[in-house]
Amino acid sequence: MVFEPPKRLVRALGETAPDGDDWLEKLPEAAQQAVALRELTVERVQVPGGRSSLVVLVRAADGTPAVLKLAPGRARPEAERSALAHWAGRGAVQLLEPFSAEGVLLLERLHPDVSVRSLPEAKALLEAAGTLRRLWVEPPAYFPFETVADRTGRQAEAMRARAQADPEVAPLVDLALAAREELLAAPPEHRLLHGTFRQSKVLAAERMPWLAVGPDPVVGECAFDLARLVRDRVEDLIAQPSGAATTRRRVKRLAESLDVDQERLRGWTLFRAVESGVRAGRVGRPRDAELLLEFASWL
């Protein structure tokens with residue numbers, strides 16, 4: 001089988017490595033080797049797939065359905081492996097192969113085409129939040145993960161540079177950076193977080209109704225993780241005449257349901273929305289940038 005990378009993956013990797021790299025060129029051969037080494041039977045490449053990895057639906061030699069995932073180093077697949085091993089299937093997809101070649105993960109097969117995003121909005125938020133709660137555990141003693149301070153520090157530098165180049169975004173960037181400084185002054189907890197949690201990262205499963213996939217794990221406070229969920233279906237929020245009020249109610253409802261401080265959740269939601277909006281503008285996605293920055297202005 002020829003492993004053709006989905007267009008979505010090619011486009012997304014082009015955003016993070018505009019000058020290109022050789023990972024995509026080597027991907028078909030790497031996928032063939034990973035399949036042969038494990039004696040897997042390939043069913044299909046998942047399309048449209050993710051923005052940072054190739055996902056292949058396979059069966060093991062004994063017929064067990066599984067997922068083979070290949071990701072470049074900058075997507076931090078080894079951190080994902082460590083987080084999945086630590087969760088051991090509690091709230092997240094099960095790692096089937098603890099040790100393998102770098103950048104290759106063999107995972108439990110979920111239902112890849114059924115996420116909580118397929119549910120009505122209120123039910124989707126409830127199910128997603130319940131899944132996220134199970135992931136918030138003490139990190140291992142010696143963890144290979146970034147901290148929230150480290151990750152947002154890198155992001156803050158890129159935000160400042162963008163604000164200098166585009167004065168229109170500078171006021172929101174200033175607000176977001178000020179919120180970050182205040183939030184980092186007294187973090188309330190130290191938990192292993194999913195890092196990139198949203199409704200599309202929660203898939204239907206057999207052993208549990210819903211399980212999380214695709215973490216970019218980070219260690220820090222729970223409000224940081226929950227912040228990304230607040231803006232799910234942002235395009236629908238923007239289209240509503242009452243979008244701003246709905247957003248504020250969502251912050252309150254999610255904070256109360258997961259026992260997270262509401263103001264800390266609002267602050268991290270602001271920072272993460274502005275960071276994502278600025279990044280979208282930088283890589284040539286102006287519509288996404290516009291939606292995210294308008295959403296951030298409501299906070």
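Two strands are said to pair if DSSP finds at least two bridges between them. The structure shown above is a predicted model, and this definition opens the way to its sheets. Strand β2, residues 54-59, and strand β3, residues 65-70, meet this condition, for they pair in the antiparallel sense over six bridges. Within this pair, V58 stands opposite A66 in β3.

Helices accompany this pair of strands. Helix α3, made of residues 77-87, packs on the sheet and touches β3 and β4, and its direction makes about 35° with that of β4. Helix α2, made of residues 23-38, lies across β1, β2, β3 and β4 and runs at about 150° to β3.

The sheet as a whole may now be described. It is an open sheet formed by four strands in the order β1-β2-β3-β4, with antiparallel pairing. Its edge strands are β1 (41-45) and β4 (104-108), each of which pairs on one side only. On average, neighbouring strands of this sheet are turned by 30° against each other, direction ignored.

The model also contains an open sheet of three strands, in which the order is β6-β10-β7 and the pairing is mixed. Here the edge strands, each pairing on one side only, are β6 (146-147) and β7 (191-193). Strand β10, residues 218-220, runs parallel to β6, and two bridges join them. At this junction, E146 stands opposite V218 in β10. Helix α7, residues 222-230, packs on this sheet, where it touches β7 and β10; the direction of the helix makes about 20° with that of β7.

Attention may next turn to the nonpolar interior. The largest nonpolar core has 75 residues, and those with the most contacts inside it are L226, L265, V274 and F295. Leaving aside residues up to four places away in sequence, L226 touches L132, W136, L254, A255, L258, V260 and L265. A second core, separate from this one, has 18 residues, including V35, A66, L68 and L70. Residue A66 has already appeared in this account, as the residue in β3 that V58 stands opposite.

A loop residue offers a final point of study. A141 is found in the loop between α4 (121-135) and β6. Is this alanine, A141, buried or exposed? A141 counts as exposed because its relative accessibility is 70%, and the term exposed applies over 50%. Finally, A141 and A176 are 35 residues apart in sequence, and their C-alpha atoms are 31 Å apart in space.

Technical notes
Residues are numbered from 1 along each chain as its sequence is written. This is a predicted model: local features need pLDDT of at least 70, side-chain atom pairs count only at pLDDT 80 or more; totals for chains, interfaces and linings use all residues. Side-chain values use heavy atoms; hydrogens and water are left out. Contact means heavy atoms within 4.5 Å. Axes are lines fitted to C-alpha atoms, for helices over the stretch in contact, and angles run from 0 to 180 degrees between N-to-C directions. Buried means under 20% relative accessible area, exposed over 50%, partly exposed in between (1.4 Å probe, protein chains only). A nonpolar core is a set of buried Ala, Val, Leu, Ile, Met, Phe, Trp, Tyr and Cys residues joined through side-chain atoms within 4.5 Å.
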